[in-house]
Amino acid sequence: MALVVMCGQPCSGKSEAAACLAAALRSSVPDVTVRVIDESSLHLGRNESYKDMVVEKNLRGVLRSEVDRSVSRDGIIIVDSLNNIKGYRYELWCLARASGIRYCVFFCDTEVDHCRDWNVKRQEKGEPSYDNNIFEDLARRFERPDSRSRWDSPLFELFPSREEIVESSPVIAEAVSYLTKKVDSKTRDVKVLQPTIATQSVRTTEGNSLYEMDKATQEVVSAIVEAQSGGLGLAMNKISLGPDLPTINLQRSVGLPELRSLRRTFIKLAGQYSLSGRPPPTDADSAKRMFVDYLNREIGG
Ligand SMILES: Nc1ncnc2c1ncn2[C@@H]1O[C@H](COP(=O)(O)OP(=O)(O)OP(=O)(O)O)[C@@H](O)[C@H]1O
């Protein structure tokens with residue numbers, strides 16, 4: 001039914017806002033399942049998840065896979081994480097689009113000084129908090145949402161340092177109405193994302209780019225599994241697929257379920273709205289090249 005992406009600086013009030021939104025939605029549409037996905041629901045700690053770029057990338061991958069598994073036309077998913085990188089919000093938007101559901105972003109626009117104070121208060125109370133260096137690094141890298149981008153729209157803005165956020169706050173009510181309203185077919189006042197052919201289940205015909213992509217990415221997965229099993233005497237962390245293709249540089253051993261999930265997500269993300277803004281690959285080699293680039297970004301060294 002809908003995907004809601006929380007976004008904001010560390011310790012900016014996202015979880016409190018997400019809880020208010022979830023409660024308001026549950027009262028408004030009691031028959032709809034509302035689920036909040038956050039780091040703690042996946043048993044991931046803040047400092048462990050953001051201590052360097054590799055684990056941070058890993059955290060984003062885990063959250064994205066969970067969102068991918070959970071989005072549906074029947075329930076509402078709220079992703080309560082930093083969602084601080086615009087490319088990542090774009091990926092979440094693609095997942096919503098692939099499922100043909102509503103989407104919106106909630107931005108807790110709290111000044112960094114307040115976030116820092118609130119984080120220090122949590123530290124003093126012994127509550128889960130960010131280490132100071134991790135907080136400063138995340139604060140510096142935050143990419144503000146921009147409602148002109150499809151993946152940051154519609155954008156609901158909250159100012160937790162200036163106004164108390166409660167279930168009855170006007171912006172929460174506005175979001176509940178947007179997320180639960182029946183679409184008026186005449187005015188089309190609520191935007192439901194429409195899956196493109198590239199994001200629908202694959203309808204394969206030979207020569208079709210999706211078929212090529214499906215087959216090519218499967219070959220890449222098989223090559224990785226083979227290399228990791230020590231077969232063919234291949235190096236496990238640097239896997240070559242041929243002279244004209246980039247090398248796969250793995251940071252760690254990656255199991256088949258994770259590879260399958262990455263492949264599924266890649267296929268959804270590719271197509272018309274490809275990761276690089278290029279058109280979908282039309283031949284096996286370019287599909288492999290794009291998939292290897294994607295894997296190197298997600299799980300590469
Ligand atoms: N309006 C407010 N006034 C004072 N303190 C606040 C306010 N909103 C949130 N806080 C405090 O800030 C801290 C962080 O709140 P919250 O967990 O909602 O933020 P968050 O953005 O989800 O944090 P994280 O980035 O760790 O997930 C909490 O201790 C909370 O009590």
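The lining of the largest cavity divides by class into six nonpolar, three polar and two charged residues. This cavity belongs to a predicted model, and its volume is about 50 Å³. Its wall is formed by Tyr50, Glu56, Leu59, Arg60, Leu63, Ser81, Leu82, Asn83, Asn84, Ile85 and Tyr88, and helix α3, which spans residues 53-70, provides the largest share of that wall with four residues. In total, the structure holds three cavities of 30 Å³ or more.

The open space in the model is described next. The largest pocket has a volume of about 670 Å³, and of the 26 residues that line this pocket, Gly13, Lys14, Ser15, Glu16 and Arg122 are the closest to its centre. Two elements, α1 and α5, give two or more residues each to the lining of the largest pocket, with α1 giving the most, namely four residues. By class, the lining of this pocket comprises eight nonpolar, six polar and twelve charged residues.

The ligand takes up the space of this largest pocket. Around the ligand stand Pro10, Cys11, Ser12, Gly13, Lys14, Ser15, Glu16, Arg46, Trp118, Arg122, Tyr130 and Pro160, a shell that divides into five nonpolar, three polar and four charged residues. Helix α1 (14-28) and helix α5 (112-124) each supply at least two residues of the shell, and α1 gives the most to it, with three residues.

Three contacts between the protein and the ligand can be set out by residue, with the kind of atom on each side and the distance between them.

| Residue | Protein atom | Ligand atom | Distance |
|---|---|---|---|
| Serine 15 | polar side-chain atom | oxygen | 2.7 Å |
| Tyrosine 130 | side-chain N or O atom | oxygen | 2.5 Å |
| Proline 160 | backbone N or O atom | nitrogen | 2.8 Å |

For proline 160, then, a backbone atom lies 2.8 Å from a nitrogen atom of the ligand. The ligand on its own has 630 Å² of accessible area, of which the protein covers 77%. In the case of serine 15, a polar atom of the side chain lies 2.7 Å from a ligand oxygen, and serine 15 also belongs to the residues closest to the centre of the largest pocket. With tyrosine 130, a side-chain N or O atom is 2.5 Å from an oxygen atom of the ligand, and this tyrosine is likewise listed among the residues that surround the ligand.

Two features of the backbone complete the account. Cysteine 11, one of the residues surrounding the ligand, has a phi near 60°, which is a positive value in a residue other than glycine; cysteine 11 is placed in the loop between β1 (2-8) and α1. The other feature is a cis peptide bond that joins serine 153 and proline 154, with omega at about -5°. Proline 154 lies in the loop between α6 (132-141) and β5 (155-158).

Terms used: Residues are numbered from 1 along each chain as its sequence is written. This is a predicted model: local features need pLDDT of at least 70, side-chain atom pairs count only at pLDDT 80 or more; totals for chains, interfaces and linings use all residues. Side-chain values use heavy atoms; hydrogens and water are left out. A residue is near a molecule or strand if one of its heavy atoms lies within 4 Å of it. A polar contact is a pair of N or O atoms within 3.5 Å; within protein, one must be able to donate a hydrogen and the other to accept it, and residues adjacent in sequence count only if both atoms are side-chain atoms. Accessible areas come from the Shrake-Rupley method with a 1.4 Å probe; for residues, only the protein chains shown count as cover. On a 1 Å grid over the protein atoms alone, a cavity is a set of points where a 1.4 Å probe fits but cannot get out, and a pocket is an open set with protein on both sides within 12 Å along at least five of seven lines; lining residues have an atom within 4 Å of a point. A molecule sits in a cavity or pocket if more than half of its atoms lie within 2 Å of its grid points. Ala, Val, Leu, Ile, Met, Phe, Trp, Tyr, Cys and Pro count as nonpolar, Asp, Glu, Lys and Arg as charged, and the others, Gly among them, as polar. Grid points are joined across faces, edges and corners, and a volume is the space filled by probe spheres set on the points.
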